[in-house]
Amino acid sequence: MIYKQVKEGCVLDASATMYPSVLKGFGRCDESFALPTSTYFGFVLNGKYELQRQGQHYVTLQGGMYFSAPGPFHIKGDGEIIVIERVGYRGLLHVGGPVEDSGRLCYIDNSNTTIIIPPPRMGDPVFNLLVFPPKVVQTPHIHPTVRLGVVFEGEGECVMPNQKLPLKPGMAFYLPEGLVHSFNSFGEKLKIIAFHPDSDTGPTDDSHPMLNRTFTKF
C-alpha cells in the first residue's frame, strides 16, 4: 500500500493500470479540473469548498460531502479534500452528503458499506463509504482492481504480509490490484471512503428499473 497525507498535497498515481485513475489531495485549493474526457470523484474531510461550473458558483461542499463531476469545473476553498480523476470515463454530475454514521449494506467481518455514488451502468466506477465497528479484525483479502481512498474518521491499521501501516484521519491510500491486506479498527468506528474504478453490478440495457417495471402484456 502507498499512502500520503491529504493536507500535504499528495498525489497517488494509478494511471498506468487497467482503469487509469489519479488521486490528488489538497488543503487550500484553487484548482481547475479541465479534461472533458475525465470524471472526477471528490470527498471533503473537513473545511469548506466551492465547486464552480462555467465560471459560476454551483454548490458549497463541507465535511462529509462528496461529488462526481465530469470536467471542466473549478474547486476553491480550504480544509482537506481528495479529488480522484477517472481517466477516459464520462460520468454523471452528482453531489451528496454528509455521509451517514453507518453503512446500509453488509460487508465482511461485521462491517458495512454504502454506495454513495453508484455506477450509472454496470462496469462504471463506484464511490463507497466503509464503516468498521470498534475492534474489527478483518479477514485478509484481495481486490481484482486498484483501490484509492482516504481515512475519514477513526483509527486502525492496514495489515499486509510483511508490513503494518497506521490508519489515521486524512491519510490517502493506494492499494495495487491483488495485494493481500486487511483493515483493522481500534477502539472506535473506522470510516473510510473507497473508490473502485470499475464495477460488476449495476444497470444494463437488458436489466434496469425502468425496463423491469414496464409491462406490455396485461
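Begin by selecting strand 5 (residues 38-53) together with strand 8 (residues 73-87): in this predicted model the two run antiparallel and are joined by 14 bridges. Within that pairing, pick out Phe41 and look across to strand 8, where Ile84 stands opposite.

Keep strand 5 on display and add strand 7 (residues 66-70), which runs antiparallel to strand 5 and is joined to it by 5 bridges. To find a point of reference in this pairing, select Phe43, whose bridge partner in strand 7 is Tyr66.

Next bring in strand 6 (residues 56-62), which pairs with strand 5 over 6 bridges, again in the antiparallel sense. Here Gln52 has His57 of strand 6 as its bridge partner. Following the chain into the hairpin of strand 5 and strand 6, where 2 residues lie between the strands, stop at Gln54, which takes a positive phi near 55 degrees.

Now return to Ile84 and show its surroundings: leaving aside residues up to four places away in sequence, Ile84 touches Val22, Leu23, Thr39, Tyr40, Phe41, Phe127, Leu148 and Phe195. Ile84 also belongs to the largest nonpolar core, a set of 26 residues in which Leu23, Phe43, Ile84, Phe127 and Ile193 touch the most other members. To see where this core comes from, colour strand 2 (11-14), strand 5, strand 8, strand 11 (112-117), strand 12 (126-132), strand 13 (147-153), strand 16 (171-175) and strand 18 (190-196), each of which supplies at least two of its residues. As a general background to this view, nonpolar side chains in soluble globular proteins tend to be buried together.

For a contrast, turn to the surface and select Tyr58, Leu93 and Val95, which form a nonpolar patch with about 230 Å² of accessible area together. Leu93 is found in the loop between strand 8 and strand 9 (94-96), and Leu93 counts as partly exposed because its relative accessible area is 35%, which falls between the 20% limit for buried and the 50% limit for exposed residues.

Finally, move to His94, which has its place in strand 9 and is likewise partly exposed, at 28% relative accessibility. With residues up to four places away in sequence set aside, the contacts of His94 are Tyr66, Phe67, Ser68, Ile116, Ile117 and Pro118; of these, Tyr66 was already met as the bridge partner of Phe43. As a last step, draw a distance from the C-alpha of His94 to that of Asn112: the two residues are 18 places apart in sequence and 22 Å apart in space.

How values were computed: Residues numbered from 1 in each chain as written. Predicted model: local features only at pLDDT ≥ 70, side-chain atom pairs only at ≥ 80, totals over all residues. Heavy atoms only, no water. Pairing = 2+ DSSP bridges. Helix = DSSP H or I, 4+ residues; strand = E, 2+ residues; numbered from the N terminus. Patch = residues over 30% accessible without salt bridge, like charges linked within 9 Å, V, L, I, M, F, W, Y side chains within 5 Å. Areas by Shrake-Rupley, 256 points an atom, 1.4 Å probe, with all protein chains shown as cover. Salt bridge = Lys/Arg side-chain N within 4 Å of Asp/Glu carboxyl O. Buried < 20%, exposed > 50% of the residue type's maximum accessible area, 1.4 Å probe, protein only. Core = buried A, V, L, I, M, F, W, Y, C linked by side-chain atoms within 4.5 Å. Contact = heavy atoms within 4.5 Å.
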